[in-house]
Amino acid sequence: MPGTEPIGAEAADVWGDERETTRAAVRLAARRIRRPSDPKATARPASELRAAAGETITAGGRPAEQVLSIFEDVIAPATRAQDDPLNLAYIPAAPTRTALAFDAVVSSFNIFAGTWEAGAGAIFAENQALAWLVSLLGWPDTAGGCFVSGGTTGNLSALATARHTALRRRGHRPEGGWKIACTTGAHSSIVSDAHVLDVGVVQVPEDDRGHLTGPALRAALAGEPGVFAVIASAGTTNAGVIDDLSDIADVCRDHDIWLHIDGAYGGAALAAPTARPRFTGIERADSFIVDPHKWLFAPYDSCALLYRDPAQARAAHSQHASYLNHINREVWNPTDLAVHLSRRARGLPFWFSLAVHGTDRYTAAIEQTLHTTRTVADAIRDIPTLRLTAEPELSVILFERPGWTDTDYHTWSDTLAHEGRMLCVPTTWRDRTVLRLVFINPATDPDKVIGILRETTA
Ligand SMILES: *Cc1c(COP(=O)(O)O)cnc(C)c1O
């Protein structure tokens, strides 16, 4: 039977015998998956790294154990522990061990998951994970999509589909050009994607809590015939707030405009019953993204991109060439649904962890982080030196230390990071410097966070 014989020395080819190398690499992966991350791991200047690692690429090659040591002792420690329970900055990560281990398995199979004919099994499994998300959205089961590398590409692909759909409907480019509408609180990738697509951005003023509201959107769309898509945030990155999705959906319906929901960070909370009511209206959107590598416990890099009507995505993204003529277009080809052709089956670590743990555990894990958020927010309200900037809606907390200057905030943040105690970085809110905590890791102990805040902000 082909494929059952291990590759041995007798099969030596140009690469020689790679058995020891593969064993050592797999052993390192197994060790790493089991052990916790080092919160003191941190970036270093390239000059220092060069001095410590030396010339790694040589004409003759180097023994695998030497290169693996360089990786383990020099390279990996110069990367941040994204999953440390006290990494509460930017959007951290908290992949399950199950998902991490399976990521290594997925890599070992080197699946081409762009087309059904090459990756059917993997795409089938990815689609089951996507179907769970579709059910959380309350969309029809004819909805579907694929996994792309991240929210930036997911948003880009959805907006390209929206514009293509608008062009087909209207038959021409509007006078003044195509535009999208969103608030300044929408993620930076939206404006970046708009530049890539060469479309304008209508910036809609947000309310005082940072929401896009129906009335503000309606007012902004008056006199803007070129708007083909509205981007609503289901969890803004800076403040973790969810736009008024129901009212926004009404406005989009009245104007016949595509509604894209960016849930890269917050979409995970669809699985949490205590948060689900805030998403009402999401069932009427045309496209949606969520990053499993953020709050759905999967490793990098993974964004689930979903369309209510995948045929519209196919019309926008299918690539055609003589060497692709043989591809069957009647089946599910992720290639046809986003800006990509070759792709790894990056949804599989998420699928495996979901299949093994079950969706109830996912719900419990997300609820736990929401509970941690409320516990820490309550404590901040009680600490006399601190002020809660706004009530958290999901799992982002913005807070202040009245009396501190910009420099005080940055020094405090750097000191805690340097000590490996906690990663919490400042941001700005309404032109003020404030502190920001993000809870997506069920292993985060709220009492530890509260203890550090009490002790260091007095
Ligand atoms: C993180 C984030 C993105 C970008 O996602 P990447 O995976 O980093 O490309 C987009 N939108 C929101 C709301 C995000 O939080």
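**Asn441 and the ligand site**

Asn441 counts as buried because its relative accessibility is 9%, below the 20% cut-off. That comes from a predicted model, so keep that in mind for everything here. The other half of this briefing is the ligand, which has 14 residues around it.

**Around Asn441**
- Asn441 sits in the loop that runs between strand S11 (432–438) and helix H15 (446–456).
- A polar atom of the Asn441 side chain is 3.0 Å from the backbone nitrogen of Ala443.
- If you leave out neighbours within four places in sequence, Asn441 touches Asp83, Asp84, Pro85, Ala93, Ala94 and Thr369.

**Polar contacts to the ligand**
- Asp291 has a polar side-chain atom 2.7 Å from a ligand oxygen.
- For Lys294, an N or O atom of the side chain lies 2.9 Å from an oxygen atom of the ligand.
- His293 also has a side-chain N or O atom by a ligand oxygen, at 3.3 Å.
- On its own the ligand has 380 Å² of accessible area, and the protein covers 86% of that.

**Who makes up the shell**
- Helix H6 (151–170) and helix H10 (292–295) are the elements that each give two or more residues to the shell around the ligand.
- H6 gives the most, with three residues.
- Gly151, Thr152, Asp262, Asp291 and Lys294 come nearest to the ligand out of the 14 residues around it.
- By type, the shell splits into nine polar, three charged and two nonpolar residues.

Definitions and conventions: Residues numbered from 1 in each chain as written. Predicted model: local features only at pLDDT ≥ 70, side-chain atom pairs only at ≥ 80, totals over all residues. Heavy atoms only, no water. Near = heavy atom within 4 Å. Polar contact = N/O pair within 3.5 Å; in protein donor to acceptor, adjacent residues only side chain to side chain. Areas by Shrake-Rupley, 256 points an atom, 1.4 Å probe, with all protein chains shown as cover. Helix = DSSP H or I, 4+ residues; strand = E, 2+ residues; numbered from the N terminus. Nonpolar A, V, L, I, M, F, W, Y, C, P; charged D, E, K, R; others polar. Buried < 20%, exposed > 50% of the residue type's maximum accessible area, 1.4 Å probe, protein only. Contact = heavy atoms within 4.5 Å.
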